[in-house]
Number of protein chains: 2
Amino acid sequence: MQQKGLLVVVSGPSGTGKGTVCQRLLSKRSTAKYSVSATTRKPREGEVEGKNYFFVSESKFLDMIDNNDLIEWDKYCDNYYGTPKSYVEACIKEGLDVILEITVAGALEIKQKYPDCVLVFIIPPSFEELERRIVCRGTEGCDVIGKRLEQASREMKYASKYDYLVLNDSVDNAVSDIERILDSERLKPSRNEDLLSSLLKA
Amino acid sequence: MQQKGLLVVVSGPSGTGKGTVCQRLLSKRSTAKYSVSATTRKPREGEVEGKNYFFVSESKFLDMIDNNDLIEWDKYCDNYYGTPKSYVEACIKEGLDVILEITVAGALEIKQKYPDCVLVFIIPPSFEELERRIVCRGTEGCDVIGKRLEQASREMKYASKYDYLVLNDSVDNAVSDIERILDSERLKPSRNEDLLSSLLKA
């Protein structure tokens, strides 16, 4: 009896390094799979259909919204981005843990639709460190930096609504923490109904 | 800021090997501590006060019940056994994970009083294996074996009320599973309020 995979949602303010953590997790753990988003954005050079994105037309995307084919979606810089339900559900059925790296709003929306999903919030070692990382990141002006910090502070307020907090003091530690979370989540009775009923049948 | 320890309740039908699993866990993990029970039973040779048990008189034990000094208690073969609240709470405050190996009834009672405790149910690889272990264990007659099996089957029905199921196919695997559970439980937001508020204060 194949155990179903987990739907794992990873969020965190920009500057917490959640992208790097997810990449490392995926390279380390063959049973984890990145969720491939659908988008109306044109492919960039080297991007592969079905690997980086599912590239669709706007009318197709709007149809997907209408048909409830997306578990969450958003519009950003005139392009639509969304998570196709069929892809996610097929992976989970195969026993793969699907990793979704999305915003706080999207995460809470998914929790309502999939109460057994696992919400992981990546936190920086301190707010000062987050500030340093956002400032150091690039060439943005003070305005952009100020807005990012404000948004980070706003997003942090949602951390308590998540199932787990993972401190990204080092990528290795953060990845190990997420691995422990995935392993122990799989031990919950609600995820082992087949096993339980086989033991009870006796 | 010292994080509080966990109250970890381990149960499972007799024959699942939960005692061996707990012993191995404790020898491996210095932050885990066995809960020392109070009992009215006389000390056996070699038993040490405060290590194996807290040995108390019956009147003292009855006082402890009346004063709500025990988080659970039971009577077995004319002797009382119970878990002293003060000892457990002192360990947790120190940051130690307290391991309580108790019956299903006691576990559910504790969950009501301490909703943030962690309930772990040890399951055998199969009911046939459990049967084999109970039968092989000793010199008991068919009557006792029959009763044990009936009780095991009855207790198994409570597994779904636990937070986690740990399959004891090997002691090492079971101990690793429990370690992952303890590590990931410590990442829950409700167990990290100090950390969260320090990040939000910024």
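Domain bounds here come from an automatic or database domain assignment. The model is predicted.

**Exercise 1. Describe how domain 1 and domain 2 of chain A meet.**

Solution.

Step 1: set the bounds. Domain 1 of chain A covers 1–31 + 96–202, and domain 2 covers 36–94. Their C-alpha centres are 21 Å apart.

Step 2: list the contact residues. Domain 1 of chain A brings 13 residues to the contact, and domain 2 of chain A brings 11 residues.

Step 3: take the area. The two domains of chain A bury about 1,100 Å² between them. Carbon and sulfur atoms carry 62% of that area. On the side of domain 1 of chain A, the residues that lose the most area are Leu96(A), Val98(A) and Tyr114(A). Together they make up 41% of what that side buries.

Step 4: look for polar links. The rule finds 0 salt bridges between domain 1 and domain 2 of chain A. Polar contact joins 4 residue pairs, both residues at pLDDT 80 or more.

Step 5: assign the elements. On the side of domain 1 of chain A that touches domain 2, β7 (97–101) and α4 (104–113) each supply at least two residues. The largest share, 3 residues, is from α4(A).

Step 6: sort by residue class. This side of domain 1 of chain A holds 8 nonpolar, 2 polar and 3 charged residues.

**Exercise 2. Describe the interface of chain B and chain A, including its salt bridges.**

Solution.

Step 1: list the contact residues. Chain B places 28 residues in contact with 28 residues of chain A.

Step 2: take the area. Chain B and chain A bury about 2,500 Å² between them, with 77% of it on carbon and sulfur atoms. Leu165(B), Leu187(B) and Leu199(B) supply 26% of the area that chain B buries against chain A. No other three residues supply more.

Step 3: apply the salt-bridge rule. The cut-off is 4 Å between a side-chain nitrogen of Lys or Arg and a carboxyl oxygen of Asp or Glu. The rule finds 2 salt bridges between chain B and chain A. One of them pairs Arg180(B) with Asp183(A), whose closest N and O atoms are 3.2 Å apart.

Step 4: count polar contacts. There are 5 residue pairs in polar contact across the interface of chain B and chain A, both residues at pLDDT 80 or more.

Step 5: assign the elements. On the side of chain B that touches chain A, α6 (142–156), β9 (164–167), α7 (171–185) and α8 (193–201) of chain B give two or more residues. The largest share, 5 residues, comes from α7(B).

Step 6: sort by residue class. The side of chain B that touches chain A has 17 nonpolar, 5 polar and 6 charged residues.

Conventions: Residues numbered from 1 in each chain as written. Chains lettered and ligands numbered in written order. Predicted model: local features only at pLDDT ≥ 70, side-chain atom pairs only at ≥ 80, totals over all residues. Heavy atoms only, no water. Contact = heavy atoms within 4.5 Å. Buried area = accessible area lost by both parts, 1.4 Å probe. Polar contact = N/O pair within 3.5 Å; in protein donor to acceptor, adjacent residues only side chain to side chain. Helix = DSSP H or I, 4+ residues; strand = E, 2+ residues; numbered from the N terminus. Nonpolar A, V, L, I, M, F, W, Y, C, P; charged D, E, K, R; others polar.
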